Amino acid sequence: MAEFQGHTKLLCPALGIGWQTALNLDVELSPISGSANMTRTWNGGIVNLADPMFRLYAIRISSGADDMRPPALANLWPGETFTIVPPGELCVVIPVGSGTAIFPRKIHEARAITLGFDAVAHSFSDKTVTLSSPATEIVRVYASMEHEVMVTEPWRQSFREADAQYSWQLPTEEVGGF
């Protein structure tokens, strides 16, 4: 019997995603509110006084009403921590003449392409993607990253009995303290 590969690219052992779960996910990734402490200077310029250590992400996962089974939410109370690799990617641009891209978190998977969508040879380790040679044109590097998150609000789960369908939502934020 072949091992189930899933319907989502979301990686999260804590959720126990099975073949009837996570069929239509929305994953929102955004900076936490504490990443900004904006103020104006005496001459009207704007500055961010937030410490760079607050450059953390909020990740909210929610499903459509297509799941036939819920994920393992029962033990994910506010304050619980776990690791997640969201299915979406973040992008960093490597300018002409450079050969590296640095991401804010440990890279799980990465790909590098030109503006014309041609693949560019590269390798990655930890937070860094390194091209095999300096870029001769602009290169976009896309990466999915690993996040250590904490449940920040109570999760929600809905069940529509007539259709035997579940929908659910799990709000988290990165733990920080790197």
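Trainee: How many salt bridges does a search of the whole structure find?

Mentor: In this predicted model, a search of the whole structure finds 3 salt bridges.

Trainee: What makes the pair E89 and R111 a salt bridge?

Mentor: The closest N and O atoms of E89 and R111 are 2.8 Å apart, and the cut-off is 4 Å between a side-chain nitrogen of Lys or Arg and a carboxyl oxygen of Asp or Glu, so the pair qualifies. E89 lies in the loop between strand 5 (81-84) and strand 6, whereas R111 is in strand 8, so the salt bridge ties together parts that are 22 residues apart in sequence.

Trainee: Why is R111 called partly exposed?

Mentor: R111 has a relative accessible area of 38%, and because partly exposed covers the range between buried, under 20%, and exposed, over 50%, R111 falls into that class.

Trainee: How do you know that R140, which is buried, has no salt bridge?

Mentor: The nearest side chain of opposite charge, E137, is 8.9 Å away from R140, and since a salt bridge has to be within 4 Å, E137 does not qualify as a partner. The side chain of R140 does, however, make a polar contact with the side chain of Y142 at 3.3 Å, and the cut-off there is 3.5 Å.

Trainee: Why are strand 6 and strand 8 called edges of the sheet?

Mentor: The open sheet has 3 strands in the order 6-11-8, with antiparallel pairing; strand 6 (90-94) and strand 8 (107-114) each have a single partner strand, so one side of each is left without a neighbour in the sheet. The place of R140 is in strand 11 (residues 139-145).

Methods:
Residues are numbered from 1 along each chain as its sequence is written. This is a predicted model: local features need pLDDT of at least 70, side-chain atom pairs count only at pLDDT 80 or more; totals for chains, interfaces and linings use all residues. Side-chain values use heavy atoms; hydrogens and water are left out. Helices (H or I, at least four residues) and strands (E, at least two) are DSSP runs, numbered from the N terminus. Buried means under 20% relative accessible area, exposed over 50%, partly exposed in between (1.4 Å probe, protein chains only). Lys and Arg count as positive and Asp and Glu as negative; His and the chain ends are not counted. A polar contact is a pair of N or O atoms within 3.5 Å; within protein, one must be able to donate a hydrogen and the other to accept it, and residues adjacent in sequence count only if both atoms are side-chain atoms. Two strands pair if DSSP finds at least two bridges between them.
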